[in-house]
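User: Please take a close look at the disulfides of this structure. I would like to know where they sit and what surrounds them.

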Amino acid sequence: FQLLLTFGKIIILCITCKDFLPINHWPKIFWQKLHILGLKTCHEYWILLGVCLSGWTLNTDNCRCYKFVTKSTSWTEASKDCQEIAPVNRFGPPVTARHLAAPQNREENDFLCNLTSGKYAWIGGFKFADGIWGWTDGQKWGAYLNWRKPNEPNNRLGSENSMVINWGERGQGLWNDSPYQNRYPYVCQYLDLGKNCVKNLF
């Protein structure tokens with residue numbers, strides 16, 4: 001937990017994405033104050049702020065909102081759905097990165113691993129026709145890699161062109177290339193440039 005002083009009120013923020021602890025697990029002096037606001041979990045505080053839509057989870061490290069969709073579908077359909085379910089701001093700062101999740105460092109990858117509870121899920125890595133990999137949200141490829149083996153991506157049988165997270169050893173968020181026709185759950189993301197997001201409080 002970290003504390004944020006806002007207009008004289010003490011607000012508690014959850015830093016871990018894995019568990020949103022019930023208020024009665026917090027120090028009594030703090031949960032009593034939040035109880036006045038009618039909050040039951042840390043996540044509800046973020047919903048109250050309106051940083052993310054209900055059903056989406058905020059990563060405070062990068063200010064992006066994420067949603068784990070448990071419905072299994074192809075990578076192509078998952079990518080399309082992420083663009084459809086993410087919000088659009090027609091007035092004011094835009095909502096960007098409305099795509100499958102694209103982790104750029106270990107912390108972001110761990111966040112996705114926790115969000116999905118270690119289950120297979122499509123994310124935004126894909127292979128161009130020339131064999132080069134990229135991210136659907138346009139971020140530069142190669143800043144961070146977490147393939148399950150040194151020889152991955154191996155394009156087994158010449159048909160593996162999309163990325164799955166949580167392949168292999170559980171809890172490590174390892175990546176694997178997979179045929180886009182395979183059906184898995186998926187993780188969507190978006191970044192609302194019109195919302196304030198608290199990263200570092202001290």
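Analyst: The description below follows the disulfides and then a neighbouring topic, a serine in one of the helices. The model is predicted, so local features need pLDDT of at least 70 and side-chain atom pairs count only at pLDDT 80 or more, while totals for chains, interfaces and linings use all residues. Residues are numbered from 1 along each chain as its sequence is written, and side-chain values use heavy atoms, with hydrogens and water left out.

The structure holds two disulfides, a disulfide being a pair of cysteine sulfur atoms within 2.5 Å. One of them joins C52 to C65, with an S to S distance of 2.0 Å. Its torsion about the S-S bond is about -90°, so this disulfide is left-handed. C52 lies in the loop between α2 (42-49) and β3 (57-59), and C65 in strand β4 (residues 64-73), so the bond ties together parts that are 13 residues apart in sequence. Helices (H or I, at least four residues) and strands (E, at least two) are DSSP runs, numbered from the N terminus. Both C52 and C65 are buried; buried means under 20% relative accessible area, exposed over 50%, and partly exposed in between (1.4 Å probe, protein chains only).

The other disulfide joins C82 to C188, with S to S 2.0 Å. Its torsion is about -80°, so it is left-handed. This pair links distant parts of the chain, C82 in helix α3 and C188 in strand β10 (residues 184-192), 106 residues apart. C82 counts as buried because its relative accessibility is 0%, and C188 counts as buried because its relative accessibility is 0%.

Helix α3 (residues 75-85) also contains S79. S79 is buried, with a relative accessible area of 9%. Not counting residues up to four places away in sequence, S79 touches L100 and T136, where contact means heavy atoms within 4.5 Å.
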